[in-house]
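Colleague: Could you walk me through this model, one question at a time? I am new to reading structures, so plain steps would help.

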Amino acid sequence: MPLSPTDEIVGPAARAGAGAGAFNVVQLEHAEAIVAGAEAAGRPVILQISENTARYHGGLEPIGLAALAVARAALVPVAVHLDHAESVDLVHEAARLGFSSVMFDASTLPYKENLRETREIAAYCHARDVWVEAELGEVGGKDGAHAPGVRTDPAEARDFVAATGVDALAVAVGSSHAMTTRDAVLDFALISALRDAVGVPLVLHGSSGVADAELARAVAAGMTKVNVSTYLNKQFTRAARTYLEAHPSAVDPRTYLGPARDAVADAVAHLLGVLHGGRG
């Protein structure tokens with residue numbers, strides 16, 4: 001199939017041994033901030049919208065179309081990606097709206113069911129030139145591949161990718177979603193083993209819990225797409241709180257959302273530099 005905007009970002013990063021930053025959008029200010037940070041860094045970026053965020057907005061279309069509009073106006077390549085979708089209908093809607101990629105998460109299902117459903121999603125999306133990420137994790141695990149202590153098996157990952165035809169694979173190597181501290185301990189030997197076993201880019205979820213030096217080391221070991229959400233939300237909330245504490249009579253949301261947006265842009269520019277490892 002023709003290259004999607006996501007593949008045009010992730011593919012070259014994988015071949016160059018660099019990281020592709022994928023940052024979660026919660027509201028319009030996030031999308032604007034992420035793109036501003038990418039433009040400041042001179043790097044491409046992926047805007048991600050999760051199923052939870054779509055639910056928060058009452059549907060995918062409002063926030064999805066806003067993100068697509070921000071992406072079209074950007075001065076750097078920007079892809080719009082559906083993150084952690086468990087709903088087949090939501091995947092179909094994302095493809096219809098013009099998202100260039102989806103992450104279909106059936107990792108909580110038994111292996112054979114995960115494989116079957118993911119293969120069907122991949123066939124549907126590829127027929128529409130949409131790039132597909134999947135996740136392989138613990139059978140029945142509440143947190144999928146990111147339940148505490150769970151790790152992805154390289155041989156199983158190799159077979160899963162071959163059977164489903166997905167374009168990228170989210171793997172469990174020691175990170176965890178929603179971490180507010182950056183002290184996750186990654187298994188770099190496993191990252192390298194997975195890179196050698198799987199012929200598609202690897203995706204690190206839960207990257208907010210990983211320190212800068214460890215992120216750079218993960219990319220060097222073979223990780224490509226790096227997802228960040230909670231860390232950006234921390235910067236956003238801290239900046240808004242600081243403004244409101246200093247200006248307790250403020251009532252115009254723009255007065256505190258603006259500094260919050262700027263804080264996220266700065267964080268994105270910094271992280272893209274970390275992931276790119278100083279390459280020109």
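**A walk around the barrel**

Modeller: Happy to! H84 is a good place to begin: its relative accessible area is 17%, so it is buried. Please keep in mind that this is a predicted model.

Colleague: Which strand holds H84?

Modeller: H84 has a phi near 50°, a positive value in a residue other than glycine. As for its place in the fold, H84 lies in strand 3.

Colleague: How many bridges join strand 2 to strand 3?

Modeller: Strand 2 covers residues 45-50 and strand 3 covers residues 78-85, and they run parallel. One facing pair is S50 and D83, the latter in strand 3. Counting the bridges that join strand 2 to strand 3 gives six.

Colleague: In what order do the strands of the closed barrel run?

Modeller: The barrel is closed and has eight strands, with parallel pairing. Neighbouring strands are turned against each other by 25° on average, direction ignored. The order is 1-2-3-4-5-6-7-8.

Colleague: Which residue of strand 8 is the bridge partner of A20?

Modeller: Strand 1, residues 20-24, pairs with strand 8 in the parallel sense over four bridges. Strand 7 is also joined to strand 8, by three bridges, and these two run parallel. On the strand 7 side, V203 stands opposite K225. The bridge partner of A20 in strand 8 is K225.

Colleague: Why is strand 8 described as largely enclosed by the rest of the structure?

Modeller: A residue counts as buried when its relative accessible area is under 20%. Strand 8 is largely enclosed because the number of its six residues that are buried is six.

Colleague: What angle does the direction of helix 9 make with that of strand 8?

Modeller: Helix 9 packs on the sheet, where it touches strand 7 and strand 8 (223-228). Its direction and that of strand 8 make an angle of about 145°.

Colleague: Is H205 buried or exposed?

Modeller: H205 sits in the loop between strand 7 (202-204) and helix 9 (212-221). The cut-off for buried is under 20% relative accessible area. H205 has 1% relative accessibility, so it counts as buried.

Colleague: Which side chain is joined to that of H205 by a polar contact of 2.8 Å?

Modeller: The side chain of H205 takes part in a polar contact of 3.3 Å with that of N227. The polar contact of 2.8 Å joins H205 to a residue we have already met, H84.

Colleague: How far apart are the axes of helix 6 and helix 7?

Modeller: Two packed helices are described by the angle between their axes and the distance between the axes. Helix 6 (residues 111-126) and helix 7 (residues 154-164) pack at an angle of about 40°, and helix 6 passes helix 7 in a right-handed crossing. Among the residues making the contact are Y111 and L115 of helix 6 and F160 of helix 7. The axes of helix 6 and helix 7 are 9 Å apart.

Colleague: Which strands does helix 6 touch?

Modeller: Helix 6 packs on the sheet, and its direction makes about 170° with that of strand 5. The strands touched by helix 6 are strand 4 (101-104) and strand 5 (131-135).

Colleague: What is the relative accessibility of D129?

Modeller: D129 is placed in the loop between helix 6 and strand 5. Its phi is near 60°, a positive value in a residue other than glycine. D129 counts as partly exposed, and its relative accessibility is 35%.

Note on methods
Residues are numbered from 1 along each chain as its sequence is written. This is a predicted model: local features need pLDDT of at least 70, side-chain atom pairs count only at pLDDT 80 or more; totals for chains, interfaces and linings use all residues. Side-chain values use heavy atoms; hydrogens and water are left out. Axes are lines fitted to C-alpha atoms, for helices over the stretch in contact, and angles run from 0 to 180 degrees between N-to-C directions. A crossing is left-handed if the near helix is turned anticlockwise from the far one by less than a right angle, and right-handed if clockwise. Contact means heavy atoms within 4.5 Å. Buried means under 20% relative accessible area, exposed over 50%, partly exposed in between (1.4 Å probe, protein chains only). A polar contact is a pair of N or O atoms within 3.5 Å; within protein, one must be able to donate a hydrogen and the other to accept it, and residues adjacent in sequence count only if both atoms are side-chain atoms. Two strands pair if DSSP finds at least two bridges between them.
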